[in-house]
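This report describes aromatic contacts, charges placed over rings, and a pocket. Please consult the sequence and the structure while reading.

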Amino acid sequence: MAKRLVAAAGAVIVGAGVLAGMGGPVAAADPDPGAAPAVPGIGPCGTDPKPGHESLVPKTVEVPVPYPVVTVDTGPVPENTKRVAMELPPDPCVNPCPDLTDTPAPPPGLAEQLGLPKLIVRPQPFNFALPNPNPPALPPGPDPAHPPIEAAAQVPARPTPRVSDVREVSKLTGADSVNRTDKRWQVQGTDLGIMWQSAPDEIAIAFGDTVGRDFHPPGGMGEDWRSNLLAFSKNRDLENGVVFDRMVTDDRCHAAELLSSRKLDNIEITTIPTSGFAIGDRQYLSYMSIRTWNSVPGTWYTNYGGIAYSDDHGEHWTKDPYAKWENIFGLSNFQVTAMVPQGDWVYMFGIPNSRLGGVGLARVPKDQVLNPTAYQYWNSGSWIPETNGSVTVTPIVDAPAGELSVRYDESRKVWQMSYLDTAKAALVVRESDTPQGTWSDSAVTVSALQFPELYGGFIHPWSTGNDMYFTMSTWSDYNVYLMHATVN
């Protein structure tokens, strides 16, 4: 997991020159340390310390040492289909698996005794792959669609949102979090927290690279690496956090990896969720297949952006072999996407790999989500189809943007977009009356002055009125927090 260090560091490095004068302190919610709400899955318990943030001076430093390896690309690895149902104890303070998660800590090493960071030098193979001599046969693809060219003018921009009352609500994952994920699902460190309404009374929350045993931030360092996870929640009272009712599990107290990855650097190192949505009984998950994190600060390199689907409410997922957008020369849009159903369409907002590109836009009829030839792309005032597999778009939001989150606010009839702006070194929000804009100027919700290694910014779908709840990750903590902002 050390490979993510350089890519994530760009959240601070790229915007470091504009930090001065941005923002003020964020208020943190102060739960009663003696209270343990009698709701399964919520805390903190009276025995848990109040969660805090890790120092920017790490306790452990991993130094990856890449070395070249010539190998054969054997193709996709099988998905883990094992699932084990798990019932949580009624008392949220009870550890359901103490034999798995209450193992004694190792004795402190010399560096720790001296108050110095522990140094780990970890060799990392960097693969140069020969083509797979026996590529798997693909099933028949969808029939080619021939969507028309349709006019789609932009509308005047809305006023810049006014942001106030920004506060940290609660820690959602890791040790001492409201969900005690370290004890319940062996989730010590994770990031993102991408949310969508999976049923009328439920939201799904997808997470990125996750570690269990021997977790040591900054970043996702440790053992029991899973590329992605999924939790579900029915709790609408967000004042104290998002309560997880369950996670998809493949063993006792163990959250399952949903989408497999080869975990071979420079072939496919991981698969990261980027957005999710539901149409009827089918759940969809957009994701990026990451080739390598070993890039300049703030960047990484993808193989493609794709779509997976689940017909058993998120328990098992299938990566569609045709619904993908290849990363041509590292410049293609729709590698990191936010997909939003609205009316008869699903809108796909997308950026190139990394956090430095502008936002493009496409749309597709709801019944053609997995047919890439059915998509229309917004370009200079019109929806246009692909041309011989080539996609061209006009940016609806200028660079730089990373970790997109977009929703349509039904109550206000307004589109809302949150993302990491590396030029401002902050999470920002914009609004528009139409998907293609014109989008408002951006307003800062949380700046790197408040949380120096922040990223994410995924909007909770049950945000209402002027109350915007969103998840935020920090590299130094490598866990997910629920934030609140008033957006007027």
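Which residues form one aromatic cluster? In this predicted model, the cluster is formed by Tyr-347, Phe-349, Trp-383, Tyr-408, Trp-415 and Trp-439.

**Aromatic pairs**

The structure holds 14 aromatic pairs in total. A pair of aromatic rings is described by the distance of the centres and the angle of the planes. Two of the pairs are set out below.

| Pair | Centre to centre | Angle between planes | Geometry |
|---|---|---|---|
| Phe-207 and Phe-244 | 5.9 Å | 55° | tilted |
| Trp-325 and Tyr-375 | 5.0 Å | 80° | edge-to-face |

The pair of Phe-207 and Phe-244 links distant parts of the chain, with the two positions 37 residues apart in numbering. Phe-207 belongs to strand 7 (residues 202-207), whereas Phe-244 is found in the loop between strand 8 (229-233) and strand 9 (246-247). Both Phe-207 and Phe-244 are buried.

The pair of Trp-325 and Tyr-375 likewise links distant parts of the chain, its members being 50 residues apart. Trp-325 is part of strand 15 (residues 318-326), and Tyr-375 lies in the loop between strand 18 (357-365) and strand 19 (376-379). Trp-325 has a relative accessible area of 8% and is therefore buried, since the cut-off for burial is under 20%. Tyr-375 also counts as buried, because its relative accessibility is 0%.

**Charges over rings**

Two basic side chains are placed over tryptophan rings. Arg-236 lies over the face of Trp-462, at a distance of 3.7 Å from the ring centre. Lys-263 takes up a position over the face of Trp-225, at 5.3 Å from the ring centre.

**The largest pocket**

Rolling a probe the size of a water molecule over the atoms shows where empty space is left. The largest pocket has a volume of about 1,600 Å³. It is lined by 48 residues, of which Ala-105, Asp-214, Phe-215, His-216 and Pro-217 are the closest to its centre.

Which residue classes make up the lining of the largest pocket? The lining divides into 20 nonpolar, 15 polar and 13 charged residues.

Several helices and strands contribute to this lining. At least two residues each are supplied by helix 2 (98-101), helix 3 (110-113), strand 3 (118-130), helix 4 (181-184) and strand 27 (479-487). Helix 3 provides the largest share of the lining, three residues.

Note on methods:
Residues are numbered from 1 along each chain as its sequence is written. This is a predicted model: local features need pLDDT of at least 70, side-chain atom pairs count only at pLDDT 80 or more; totals for chains, interfaces and linings use all residues. Side-chain values use heavy atoms; hydrogens and water are left out. Rings of Phe, Tyr and Trp (its six-membered ring) pair if their centres lie within 6.5 Å; planes under 30 degrees apart count as stacked, over 60 as edge-to-face and the rest as tilted. Helices (H or I, at least four residues) and strands (E, at least two) are DSSP runs, numbered from the N terminus. Buried means under 20% relative accessible area, exposed over 50%, partly exposed in between (1.4 Å probe, protein chains only). A charge sits over a ring if NZ of Lys or CZ of Arg is within 6 Å of the ring centre and within 35 degrees of the ring normal. On a 1 Å grid over the protein atoms alone, a cavity is a set of points where a 1.4 Å probe fits but cannot get out, and a pocket is an open set with protein on both sides within 12 Å along at least five of seven lines; lining residues have an atom within 4 Å of a point. Grid points are joined across faces, edges and corners, and a volume is the space filled by probe spheres set on the points. Ala, Val, Leu, Ile, Met, Phe, Trp, Tyr, Cys and Pro count as nonpolar, Asp, Glu, Lys and Arg as charged, and the others, Gly among them, as polar.
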